Amino acid sequence: MEKKALRTLEYDKIIEKLTEFAFSREAKKRCQNLLPMTDIQQINLAQKQTDEALLRIFAKGSLSFSGIHPIGELLKRLEIGGTLSIGELLKISSLLETAKRVKAYNRRDRDEEKTDSLDGLFDGIEPLTPLNEELKRCILSEEEISDDASSNLKSIRRQIGGMNERIRSQMTKVMNQAGNSGYLQDAVITMRDNRYCLPVKAEAKNQVPGMVHDQSSSGSTLFIEPASVVNLNNELKELFLREAKEIEVILAGLSAQVFEYQTALAQDYELLTELDFIFAKACLAKIHNGVSPVFNTGGRIHIRKGRHPLLDPKKVVPIDVILGDDFNLLIVTGPNTGGKTVSLKTVGLLTLMGQAGLHIPAGDRSELRVFQNVFADIGDEQSIEQNLSTFSSHMTNIVSILSKADQDSLVLFDELCAGTDPTEGAALAISILTRLHNQNVCTMATTHYSEIKVFALSTEGVENASCEFDVETLSPTYRLLIGIPGKSNAFAISGKIGLDADLIEDAKSRITESQASFEDLISDLENSRVTIEKEQAEINAYKEQISSLKQKLEQKQERIDQSREKILREANEQAYNIIKEAKDIADESIRNFNKFGQIHAPASEMERERAKLRDKMSGHEKQLAAKKEPPANNKVPKNLRIGDSVKVLSMNLKGTVSSLPNAKGDLTVQMGILNSTVNIRDLVLLEDETSPSSKKFNKSGTGKIKMSKSSSVSTEINLIGMTVDEALAHLDKYLDDAYIAHLPSVRIVHGKGTGALRKAVQQHLKRQKYVKTYHLGEFGEGDSGVTIAEFK
């Protein structure tokens with residue numbers, strides 16, 4: 001790959017971010033040296049490894065590779081018989097600790113889990129637990145070997161401890177004697193050259209016999225080793241020498257053990273750094289929300305929702321790019337700061353990342369082509385040192401690109417042939433693009449030249465694209481639109497910023513008629529596209545809503561089907577129990593009436609039996625799952641006379657009034673052989689029966705027709721298909737008939753629709769004085785397509 005293109009497309013910045021995720025020095029080095037590959041098999045393998053590492057991170061969390069140290073030089077020294085130091089042995093132990101941690105990370109919970117390409121790397125790691133345990137047992141830190149490293153070392157250190165005690169004891173005696181005489185500068189025991197000494201005043205040096213090892217900077221204090229502890233200090237030094245020699249023996253033994261596993265250690269280091277490198281790529285993919293692109297050799301690029309990885313993911317606008325299928329040359333136009341260069345860099349950088357085995361920040365099923373080389377001419381190429389203008393510098397780069405590019409190359413041009421005379425620049429740009437197009441070179445270029453837009457419209461295999469720009473807000477949307485040429489919008493932007501209108505009109509007059517017509521055509525195409533996109537968005541929203549409603553309906557129907565059998569079984573059992581209880585009550589009632597009719601029992605006893613039976617029925621009624629309240633009596637008789645025919649609602653029996661009601665409304669009614677006291681609110685006057693009141697207040701034929709009509713009123717009215725005025729007229733008459741018929745409640749079917757009919761029905765019900773309450777139907781009653789009204 002061209003190093004200049006890598007730098008231009010900011011591939012090096014991606015590598016810097018990748019390197020930050022690596023732990024070991026070798027993995028960081030591999031990240032820094034990572035270049036795009038051209039072998040599709042190697043690319044696919046690298047992408048697969050990145051993908052499998054990313055899946056592990058999502059499933060088990062991040063994996064730390066800290067603790068990996070280079071061990072190549074250490075193993076080479078062991079080969080020639082060298083001995084490792086304490087610190088070097090600790091590096092070996094640290095490597096094995098990391099190997100142990102990484103090995104455990106890949107441990108699977110179930111044997112049936114699917115394996116992948118990384119399992120071989122994990123399985124090849126050997127934690128060498130016995131060696132690591134031995135190293136940790138013998139070495140406590142970089143400065144200390146454990147007493148248990150060997151029995152000889154433990155014995156020597158025990159002797160050193162005893163010797164220290166003897167020396168301190170002897171030094172304490174000398175210090176007390178010299179201190180009492182005032183010879184000491186301080187009453188402390190100190191060390192000089194690893195030998196115990198006392199701080200003696202310079203003028204008293206002859207009073208404390210011994211060897212002088214040091215003196216203070218002022219010369220007022222001498223550090224003297226008393227003669228009585230010289231031999232003891234000598235013995236202590238010998239013990240220290242023996243300790244150091246024993247430590248060398250221990251380190252040599254540990255080094256020999258490490259040398260036995262040099263092959264396994266070298267393999268561990270190689271596998272761990274390889275995994276460290278792979279997981280660094282996976283971590284980069286995680287922060288970019290990247291996916292593994294599909295690579296093809298058919299020359300096709302199809303980036304779905306691609307995002308530039310170096311831009312803020314919360315602000316960057318994804319783009320869709322198609323190139324190399326129906327056309328291999330894409331011309332991107334539009335205003336400045338509209339996102340043309342970003343689109344260009346996104347295509348180039350995602351291509352480089354994908355061929356390097358890195359996931360790309362794009363949507364699933366994004367496709368990339370394997371290019372042997374990528375060329376880019378982007379940015380200000382002016383060179384002061386070489387005395388080249390911007391145009392000359394760009395042309396120098398373009399000449400180099402034309403000499404190297406072939407059908408396996410990707411070429412990216414930003415503002416091709418800009419910086420010179422527009423007419424000449426446009427002609428030159430078209431010639432360059434034609435050369436590349438004829439050579440079947442995959443090319444993407446940005447431009448402001450209208451001539452190039454026409455070239456793209458009139459040339460097969462060349463396609464226009466534009467970066468969308470909102471003129472009203474003077475801000476780009478950064479959306480890349482394939483197939484639509486873009487406008488520079490210079491006049492509109494200048495007007496919004498505040499340029500005088502007369503200047504803008506003068507500028508417009510200087511544009512040729514053909515150029516103006518072309519720009520108007522582009523504007524019309526843009527307006528049509530916006531309209532179509534809005535309509536398409538509405539259609540998609542309706543589709544989603546229909547799909548959601550269909551899914552809910554299917555789920556609801558499924559629940560109904562599942563519970564139908566259970567509901568029917570429970571309903572049948574409940575109905576059977578109700579019928580059985582009703583039969584038992586009826587049988588008992590018949591027996592009581594027969595018994596009382598034969599023996600002429602007193603009315604009080606019959607009343608007690610009746611009350612007992614009624615209480616029993618009430619108790620069973622309370623046990624029902626859906627208890628209905630008895631309808632209110634809206635026909636309480638007034639001005640009753642003895643002999644009037646009435647119906648006792650609670651007993652559903654007809655009778656004759658035997659006495660007038662008292663202050664509480666209680667009166668006596670004769671029902672066959674039964675003479676019972678009831679309340680007037682439990683009675684309905686039977687006006688069609690022969691009675692004094694009925695004879696006196698005989699109803700007309702019209703009244704009889706109304707009573708007959710109201711007695712057959714349905715409990716439901718269907719208003720679907722009617723207008724609001726028609727529905728309210730039918731509803732008003734129906735409510736009157738239902739109220740006269742003493743229906744406790746009615747069901748008004750108005751459907752869902754727009755809700756206008758439902759609202760009108762409920763407003764009408766609200767105004768009726770005889771309507772007690774109303775509410776929408778519940779599940780199984782019609783839901784919001786039905787209103788239930790209850791009468792007072």
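1. Two strands pair if DSSP finds at least two bridges between them. In this predicted model, strands β24 and β25 (residues 786-791) meet that rule, pairing in the antiparallel sense over 5 bridges. One of the bridge partnerships joins L776 to T787, the latter in β25.

2. These strands belong to an open sheet of 4 strands, ordered β22-β23-β25-β24, with mixed pairing. At its edges stand β22 (716-718) and β24 (771-776); each has a single partner strand, so one side of each is left without a neighbour in the sheet. From one strand to the next, the twist averages 20°.

3. A helix also belongs in this picture. Helix α23 (residues 756-767) lies across β23 (745-749), β24 and β25. The helix runs at about 160° to β24.

4. For the chain as a whole, the secondary structure comes to 23 helices and 25 strands. The chain has 792 residues, and 39% of them count as buried. Its accessible surface comes to about 44800 Å², with 51% of that belonging to carbon and sulfur atoms.

5. On contacts: taking those between residues at least 6 apart in sequence, 67% join residues at least 24 apart.

6. Confidence should be read alongside these points. The mean pLDDT of the chain is 82, and 82% of the residues reach 70 or more. Over residues 382-387 the pLDDT is below 50, and this stretch has 5 contacts in the model beyond near neighbours in sequence. Residues 689-710 also stay under 50 in pLDDT; for them the model has 22 contacts beyond four places in sequence.

Definitions and conventions:
Residues are numbered from 1 along each chain as its sequence is written. This is a predicted model: local features need pLDDT of at least 70, side-chain atom pairs count only at pLDDT 80 or more; totals for chains, interfaces and linings use all residues. Side-chain values use heavy atoms; hydrogens and water are left out. Helices (H or I, at least four residues) and strands (E, at least two) are DSSP runs, numbered from the N terminus. Axes are lines fitted to C-alpha atoms, for helices over the stretch in contact, and angles run from 0 to 180 degrees between N-to-C directions. Contact means heavy atoms within 4.5 Å. pLDDT is the predictor's confidence in each residue, from 0 to 100. Buried means under 20% relative accessible area, exposed over 50%, partly exposed in between (1.4 Å probe, protein chains only). Accessible areas come from the Shrake-Rupley method with a 1.4 Å probe; for residues, only the protein chains shown count as cover.
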